[in-house]
Every structure is written in structure tokens, then in C-alpha cells.
Amino acid sequence: MPGPPGPGDGERRPPEDRRHMLRRRWLTATIIVLLIGVPAVYLLISANQSRNSGRDKEKKYSATGLTAGWPSKVQRRLYDVPIPPYSEEVAYYETNNWRTSRLYVQFLTSNDGLDKFLRATGTGKGVSALKKNDITISRRDRRVVGWEFTDPGPWWGLTHEMKNPTPTQDIVVNRSDPKHPMVYVVSTTTP
């Protein structure tokens, strides 16, 4: 006994009219654009913003030879430069030759961060070890990274001299902002 007619049993759908076909194609194209095009545009915009941000930092520090960001943990340990947590405007530059290796570092920190940094480098006295108007970083080292200590001070400095191969640090601090000192360090090691 034959059952009710099914979709392929003699019942044919009427042919699709042109207007319905165009509407269906337009809807399909719109869905494809929304599913693929919108995320693609978002990725392009995001990538461009990220690249521009990196370029801004690169421009800021490339004039001085410094690289924006923190030196690696290995560099900080080898050169005995324990940058305090939560420091800002961190930048560094490393030079090596057969005789001497140097790590140049700058960072903005708090008074507590400065004291902890000085104690961690082994000065033993913390902030009280600094001497007013003592620019301990040599002209040669300042030229390498473009540091000019001509801004308003007061400027404080110290040299933490150690026997080779332990690194010696020349430290200069700009205290123009009493709550947030800017610290400049040249750590030199001779193997």
C-alpha cells in the first residue's frame, strides 16, 4: 500500500523565482562577511595598534641605544642589578667585548624600591650610601646610551666597587621627583 507522497515522489518544488534567488544569495554573502570579515578587520586593527605601540617605545629608546623593557633574569643576576618590582620606564643596553662587559639600566622606582635596590646590590647602607652631586657614571658610558645628567636634580651617586669578576656598579639617581627617583646604573664586569 503506497504511503503519502514524499519529497521526491512526484511533488516538485516550484522553480525559484529571480527575486527569491537574489535575496538568498545576498543573505548568504552577508553572513559570510559577518563571520569572516568582521574578525579579520578586528585582527588587522589590533595588530596595527600593537605594532604602533612597539614603534613608539622603539623610537623613544633607539635614540639612546637602550631597549625598552626589563633585562633578562640571567642578565640581572650576572651583573647584580636587582631592579625592584613595580619599577617603570625600565630600559637596558648590554655591551660585551673580550675584556669588559657592561649592562646599562635605567628605571623609575619608589623611595622604598630605591633603598631595597641599593641594599640588594650590597652597598649595605641603602639610600644613606648616596652622595649628593656625585655623578659616578663616566662621560664615556653616558655617551654610549645617550644619558645626559643635565636635568634639574638633585643628583646623587655612588660607586659600589667589587673585586673581579664580581661586577662593579656606578649608580646615579635623579631625585627631582622626591617620591619617584629615576635610577641609572652601569654594571661592569671583567672576567
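Which backbone oxygen does the side chain of Ser187 reach? The legends below describe a predicted model, and the reply opens the first of them.

**View 1. Ser187 and its surroundings in strand 7.** The side chain of Ser187 reaches the backbone oxygen of Tyr79, at 2.5 Å. Ser187 belongs to strand 7, which spans residues 182-189. With a relative accessible area of 0%, Ser187 is buried, because buried denotes a value under 20%. Leaving aside residues up to four places away in sequence, Ser187 touches Tyr79, Val81, Ser101, Arg102, Leu103, Pro167, Thr168 and Gln169. Of these contacts, Thr168 and Gln169 also belong to strand 6.

**View 2. The open sheet of seven strands.** The strands of this sheet follow the order 1-2-3-7-6-5-4, and their pairing is antiparallel. Strand 1 (67-68) and strand 4 (131-132) form the edges, each pairing on one side only. In general, the strands of a sheet pair through backbone hydrogen bonds, in either a parallel or an antiparallel manner.

**View 3. Strand 6 between its two partners.** Strand 6 comprises residues 168-174 and is mostly covered, seven of its seven residues being buried. Thr168, Asp170, Val172 and Asn174 point one way from the strand, while Gln169, Ile171 and Val173 point the other way; all are buried. Strand 6 pairs with strand 5 (residues 155-160) in the antiparallel sense over six bridges. Its pairing with strand 7, likewise antiparallel, comprises seven bridges. Val172 illustrates both pairings: Gly157 stands opposite Val172, and in strand 7 the bridge partner of Val172 is Tyr184.

**View 4. The edge at strand 4.** Strand 4 is one of the two edge strands. Two bridges join strand 4 to strand 5, and the two strands run antiparallel. The bridge partner of Lys132 in strand 5 is Trp156.

**View 5. A nonpolar surface patch that includes Leu35.** Trp26, Leu27, Ile31, Ile32, Leu35 and Ile36 make a nonpolar surface patch of about 680 Å². Leu35 lies in helix 1, which covers residues 18-62. Is Leu35 buried or exposed? Leu35 counts as exposed because its relative accessibility is 63%, and exposed denotes a value over 50%. Ser187 in the first view, by contrast, is buried, with a relative accessible area of 0%.

Definitions and conventions. Residues numbered from 1 in each chain as written. Predicted model: local features only at pLDDT ≥ 70, side-chain atom pairs only at ≥ 80, totals over all residues. Heavy atoms only, no water. Buried < 20%, exposed > 50% of the residue type's maximum accessible area, 1.4 Å probe, protein only. Helix = DSSP H or I, 4+ residues; strand = E, 2+ residues; numbered from the N terminus. Pairing = 2+ DSSP bridges. Patch = residues over 30% accessible without salt bridge, like charges linked within 9 Å, V, L, I, M, F, W, Y side chains within 5 Å. Areas by Shrake-Rupley, 256 points an atom, 1.4 Å probe, with all protein chains shown as cover. Salt bridge = Lys/Arg side-chain N within 4 Å of Asp/Glu carboxyl O. Polar contact = N/O pair within 3.5 Å; in protein donor to acceptor, adjacent residues only side chain to side chain. Contact = heavy atoms within 4.5 Å.
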